[in-house]
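The exercises below ask the reader to work from a sequence and its 3D structure. Please attempt each task before reading its solution.

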Amino acid sequence: AAVRAVTGVRKVGHTGTLDPFATGVLVLALGHATRLVEFLDESLKVYRATVALGTATDTGDPTGEAIAESPIPALDDDTVLDALEALTGDRMQRPPPYSAVKHQGKPLYWYARRGEVVEVEARPITVHGMTLFGRTPTHLDIRIQCSRGTYARVLAEELAQELGTVGHLSALCRERSGAFVLDGAWTMPEIGAVVSEEPGVDWEDVMLRRRRDGPRIPWKPRPVVREALAARLTPMIAGLSHLPLLDVSGREARVARNGSAPSQAPPGLSLGGRYLVVEGSELLGVAELTGRGPRLRKVIPQDAPAS
């Protein structure tokens, strides 16, 4: 809602939320870019995580109630590194009870909060690697490189078990989601500072256009705000840089704008491969090579912004 208000773009979507206790990258799609979320490459997620040893919670994170305690054995770096290595690779993982995975139309946390146990199928995941950054007798600071759909809190519990105790995920920061990294992200206070005519005002008061003890905070003119934000927006073509390009012009470009795929596809593309249809720096759509030839999967309207 805050981003809608700031940008003036009515349609804003996201590619995956974060738990309330977590921080980090949240990828937003603005306007026509919401049509392209399904084509993003989110095969790699990177998290900085802190695992608390000795106590397990019902949610697997710091928001839950303690349900088990266990002594923490004496650990050294080699023991922890061996445990991390044991959890690396292609694996099956069962989504935790407190998650947004749907069962009969409702998220699992809906059932968990009512004390109902729902068994769901384990899903394939890949843990590309885990790195130890630091440790104390009770906490481990690690970085996780994993596939989409991996639950860090489940990894935290499994890591504790590998070390001969119980544990939970006590802190989490998503450092990367596909092509989007934390260093390129706006913080909400930064956006608030761009918008507000008054310096040093809390971002919530700015974004919600209210003030706890007086009139609402005036905003800068929207063109000024948009110009400031534009430098940090990722153009749609750049956000889909993992897909090959087909640059067209003339009749082929008109065909794409009208909802049909150009007759050719990028050379070397395999059956089922997807690619971007562009005219110079303008994205016209996303196409797929099918058994019957090229097919346009998504068309970007001509009034679409560049980002």
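The following exercises treat confidence, one helix, one strand, an open sheet, an aromatic pair and a loop residue.

**Preliminary notes**

The model is predicted: local features need pLDDT of at least 70 and side-chain atom pairs count only at pLDDT 80 or more, while totals for chains, interfaces and linings use all residues. Residues are numbered from 1 along each chain as its sequence is written, and side-chain values use heavy atoms, with hydrogens and water left out.

**Exercise 1. Confidence**

Task: State the mean pLDDT of the chain, and identify where confidence is lowest and where it is highest.

Solution. Step 1: pLDDT is the predictor's confidence in each residue, from 0 to 100. Step 2: The chain has a mean pLDDT of 90, and 97% of its residues reach 70 or more. Step 3: Helices (H or I, at least four residues) and strands (E, at least two) are DSSP runs, numbered from the N terminus. Step 4: Confidence is lowest in strand 9 (residues 106–107), with a mean of 84, and highest in strand 11 (residues 139–146), with 98. Step 5: Where pLDDT is low, predicted coordinates should not be read in detail.

**Exercise 2. Helix 4 and the core**

Task: Determine how many residues of helix 4 are buried, and what covers them.

Solution. Step 1: Buried means under 20% relative accessible area, exposed over 50%, and partly exposed in between (1.4 Å probe, protein chains only). Step 2: In helix 4, 8 of the 11 residues are buried, so the helix is largely enclosed by the rest of the structure. Among the buried residues are Ala152, Val154, Glu158 and Leu159. Step 3: Their cover includes strand 4, helix 2, strand 7 (89–93), strand 10, strand 11 and strand 12. Step 4: A nonpolar core is a set of buried Ala, Val, Leu, Ile, Met, Phe, Trp, Tyr and Cys residues joined through side-chain atoms within 4.5 Å. The largest one has 27 residues; Met130, Leu140, Ile142, Ile144, Leu159, Leu163 and Leu172 have the most contacts inside it. Helix 4 gives the most to this core, with 5 residues. Step 5: Contact means heavy atoms within 4.5 Å. Neighbours within four places in sequence aside, Leu159 is in contact with Val51, Ala83, Leu84, Leu87, Leu140 and Ile142. Another core lies apart from the largest one and has 13 residues, including Ala33, Met236, Leu276 and Leu283.

**Exercise 3. Strand 12 and its partners**

Task: Find which strands pair with strand 12, and in which sense.

Solution. Step 1: Two strands pair if DSSP finds at least two bridges between them. Step 2: Strand 2 (residues 23–24) pairs with strand 12 in the parallel sense over 2 bridges, and Thr23 has Cys173 as its bridge partner. Step 3: Strand 4 pairs with strand 12 in the antiparallel sense over 9 bridges, with Ala52 opposite His168. Step 4: Strand 13 (residues 180–181) runs antiparallel to strand 12, joined by 2 bridges; here Arg176 has Val181 as its partner. In this hairpin 2 residues lie between the strands, and Gly178 takes a positive phi near 60 degrees. Step 5: Of the 11 residues of strand 12, 8 are buried. His168 is buried, at a relative accessible area of 10%.

**Exercise 4. An open sheet**

Task: Give the strand order of the open sheet of 4 strands, and its edge strands.

Solution. Step 1: The order is 14-15-16-17, with mixed pairing. Step 2: Strand 14 (245–247) and strand 17 (293–299) are the edges, each pairing on one side only. Step 3: Strand 15 (residues 274–279) and strand 16 (residues 282–290) run antiparallel, joined by 6 bridges. Arg274 stands opposite Glu288 in strand 16.

**Exercise 5. An aromatic pair**

Task: Classify the 1 aromatic pair found in the whole structure.

Solution. Step 1: Rings of Phe, Tyr and Trp (its six-membered ring) pair if their centres lie within 6.5 Å; planes under 30 degrees apart count as stacked, over 60 as edge-to-face and the rest as tilted. Step 2: The centres of the Trp110 and Tyr111 rings are 5.0 Å apart and the planes are at 85 degrees, so the pair is edge-to-face. Step 3: Trp110 is partly exposed, at 29% relative accessibility, whereas Tyr111 is buried, at 8%.

**Exercise 6. A loop residue**

Task: Is Gln104 buried or exposed?

Solution. Step 1: Gln104 lies in the loop between strand 8 (102–103) and strand 9. Step 2: Its relative accessibility is 69%, so Gln104 counts as exposed. Step 3: Gln104 has a positive phi of about 50 degrees although it is not a glycine.
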